[in-house]
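Me: I would like to go through some labels attached to this model and ask what each one rests on.

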Amino acid sequence: MADLGVSHALVGLFVIFCCLSNVAGAPESCNVVDAEKIPCGEPGVAAARCDALNCCFDGQQCYYGKAVTVQCTKDGQFILVVARDATLPGINLDSISLMGGNSGPCGPVDFSSAFAIYQFPVTACGTTMMVQDGYVIYENRMMSVYEVGVGPLGSITRDSNFEVYFQCRFSATTFEAVIVESYSHADPLPVVAAGPLTVELRLANGQCISTGCRTAQEAYTSYYSEADYPVTKVLREPVYVEVRILERTDPNIVLVLGRCWATTTSNPNSFPQWDLLVNSCPYQDDNYRTILVPVDSSSGLTFPTHYRRFVFSMFTFVEPESMTYLQEMVFIHCTTAVCVPNEVDDCEPRCSRKRRDVSTAKPDSANKSTVVSSGAVIFTDSPNHTA
């Protein structure tokens, strides 16, 4: 095991472990056998300096504890030291990867049965950058995969599920390292979403006054309230749909839609049904195809990746044998999930007439995702209705 000899200065070190069994510097996490100790800081570092680095001190040596330690160097490097015993049961160090993968510069620079050490530039390995409160913030995520045993009546795992977000924050005069979130779950979260997902589907009632406004942002300037339902629409009139994540402030997650469809009742499993989106893309067999509305930084939203918008032309269901109108309400439903982009997958659908390339992170069944629904929409034969 190489001696990294970390000798840089940290102006503040703040570490949050919400679920880990040990924290660096605590007596339990400092109980590392001599053969597995990895030096932390410059040779001969004093106890106070060692504590500032969030490491352990035995009276003679400063070393990394049984935790996850993140440090930032003056030349813009991340240093992460991950201990096998940071969780209970221990982390499988072979299963760890960064947002940019676990090969090349994103793989460990040193490795043992007890520790994995990573060092890479703050601009590499899938790191995202943002500016906030006078700091330039570089953020990445380290995660572990877990082995699942599949049986005829259920599936199990005996591996720890580990995930940690970490940051380097630089200002004109200071820089600091922060672990902003960490997870270790006895019961692993679904693959498609880390944590509870609260999603809302609503209909916009903004007025379109410009040419080609069916896909313009001004259609989403205001929304129907609960008291406005059922909403009345003329056949073929555009219906503006928005799905959004609520109560989440993570700028790195992306909302994805799997399937969106319509029914005649509020029950998403009722029949008849009509598809609007299939595998995140407009239903190809609709003569009035649904239009995806881009939501980007020009929208003025704080977290544009937390939103999805689309437009469809109003319709009504018909009785299949007589082909007569079913004077029913229409309800809209969507399956939703969260995707974390990386260098391979940007979480955006690839839609074309002949082929649909859809991210593997997108929901593929209702039991892996959250279903959201709209209020009722009804059609009228008269164009002089009041929306």
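The exchange below takes up a proline, two nonpolar cores and a pocket.

Reply: Keep in mind that this is a predicted model.

Me: Why is Pro105 called exposed?

Reply: Exposed means over 50% relative accessible area. Pro105 has 57% relative accessibility, so it counts as exposed. Pro105 sits in the loop between β6 (96-98) and β7 (110-111).

Me: What makes Gln119, Phe120 and Cys125 contacts of Pro105?

Reply: Contact means heavy atoms within 4.5 Å. Leaving aside neighbours within four places in sequence, Pro105 is in contact with these three residues. For Phe120, the C-alpha to C-alpha distance from Pro105 is 6.4 Å, with the two positions 15 residues apart in sequence. The 4.5 Å cut-off applies to heavy atoms, so the C-alpha distance of 6.4 Å does not conflict with the contact between Pro105 and Phe120.

Me: How do you know that Cys125 is buried?

Reply: Cys125 is among the members of a core of 25 residues, as are Ile91, Tyr118 and Cys168. A nonpolar core is a set of buried residues, and buried means under 20% relative accessible area. Cys125 therefore falls under that cut-off.

Me: Which residues touch the most other members of the largest nonpolar core?

Reply: Phe310 and Ile332 do, in a core of 27 residues. β15 (198-204), β17 (238-246), β18 (254-263), β19, β22 and β23 (331-339) each supply at least two of its residues.

Me: What makes Trp274 and Met314 lining residues of the second largest pocket?

Reply: A lining residue has an atom within 4 Å of a pocket point. Trp274 and Met314 belong to the 16 lining residues, and are among those nearest the pocket's centre.

Technical notes
Residues are numbered from 1 along each chain as its sequence is written. This is a predicted model: local features need pLDDT of at least 70, side-chain atom pairs count only at pLDDT 80 or more; totals for chains, interfaces and linings use all residues. Side-chain values use heavy atoms; hydrogens and water are left out. On a 1 Å grid over the protein atoms alone, a cavity is a set of points where a 1.4 Å probe fits but cannot get out, and a pocket is an open set with protein on both sides within 12 Å along at least five of seven lines; lining residues have an atom within 4 Å of a point. A nonpolar core is a set of buried Ala, Val, Leu, Ile, Met, Phe, Trp, Tyr and Cys residues joined through side-chain atoms within 4.5 Å. Buried means under 20% relative accessible area, exposed over 50%, partly exposed in between (1.4 Å probe, protein chains only). Helices (H or I, at least four residues) and strands (E, at least two) are DSSP runs, numbered from the N terminus.
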